[in-house]
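Here are some notes for your first reading of this model. Please keep the structure open beside you and look up each residue as it is named.

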Amino acid sequence: MNSGASLYEQLGGAETIRNLVEAFYPKVQANPLLGPLFPEDIYPVMEKQYMFLTQFFGGPMLYSEAHGHPMMRARHLPFPVTPQRAEAWLGCMREALEDLEVPAPLREVVLHRLSGPAFHFVNTAQE
């Protein structure tokens, strides 16, 4: 890992982020805790996630340029996000990172970085 490079660069840039999103969302849709929260047409969600992760990991500010400030907690308030759903979301992301063969040390850094927001979005105690 290159400590001077952004996570975006360390992961491989736009192509890897796109591949990550494409590996991640089928897992989300198949997950019994997460799937029901998402629309049938997942492609707009995938595009927003691609833009957000690009920006979040230190790449171009795609999300902000298209949608303004992320305000992700506020954007997730309409959905019942429980600690169990946050864990399930991170589990799907872990599987997607493994599918892409992201090296374990980098995978753990990415998951640690994502765990803060995942649990910050929690707005419902439990199912």
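Does Arg-18 count as buried, partly exposed or exposed?

1. Arg-18 counts as partly exposed, because its relative accessibility is 28%, and the cut-offs for that class are 20% and 50%. Please bear in mind from the start that this is a predicted model, so that every value in these notes is computed from predicted coordinates.

2. On confidence, the mean pLDDT of the protein is 92, and 96% of its residues reach 70 or more. Confidence does vary along the chain, being highest in helix 2 (residues 14–30), at 98, and lowest in helix 5 (residues 72–76), where the mean is 70.

3. The structure holds 3 salt bridges, and it helps to recall the general idea before looking at each of them. Side chains of opposite charge can pair when their charged atoms come close.

4. One of these salt bridges joins the side chains of Arg-18 and Glu-47, with a distance of 2.8 Å from N to O. Because Arg-18 belongs to helix 2 and Glu-47 to helix 3, this pair ties together parts that are 29 residues apart in sequence. Glu-47 is partly exposed, with a relative accessible area of 32%, and Arg-18, as noted above, is also counted as partly exposed.

5. Another salt bridge is formed by the side chains of Lys-27 and Asp-99, at 2.7 Å from N to O. Here the link is between distant parts of the chain, since Lys-27 is in helix 2 whereas Asp-99 is in helix 6 (residues 83–99), and their positions lie 72 residues apart in the numbering.

6. A further salt bridge is found between Glu-108 and Arg-94, whose closest N and O atoms are 2.7 Å apart. Glu-108 lies in helix 7 (residues 104–120) and Arg-94 in helix 6, so this pair ties together parts that are 14 residues apart in sequence. Both partners count as partly exposed, Glu-108 at 38% relative accessibility and Arg-94 at 31%.

7. Which residues are in contact with Gln-49, once its neighbours within four places in sequence are left aside? They are Val-21, Phe-24, Tyr-25 and Trp-89. Gln-49 has its place in helix 3 (residues 43–56), and Gln-49 is buried, because its relative accessible area is 9%, which falls under the 20% cut-off. When you compare residues of helix 3, please set this buried Gln-49 beside the partly exposed Glu-47.

Note on methods
Residues numbered from 1 in each chain as written. Predicted model: local features only at pLDDT ≥ 70, side-chain atom pairs only at ≥ 80, totals over all residues. Heavy atoms only, no water. pLDDT = per-residue confidence, 0-100. Helix = DSSP H or I, 4+ residues; strand = E, 2+ residues; numbered from the N terminus. Buried < 20%, exposed > 50% of the residue type's maximum accessible area, 1.4 Å probe, protein only. Contact = heavy atoms within 4.5 Å. Salt bridge = Lys/Arg side-chain N within 4 Å of Asp/Glu carboxyl O.
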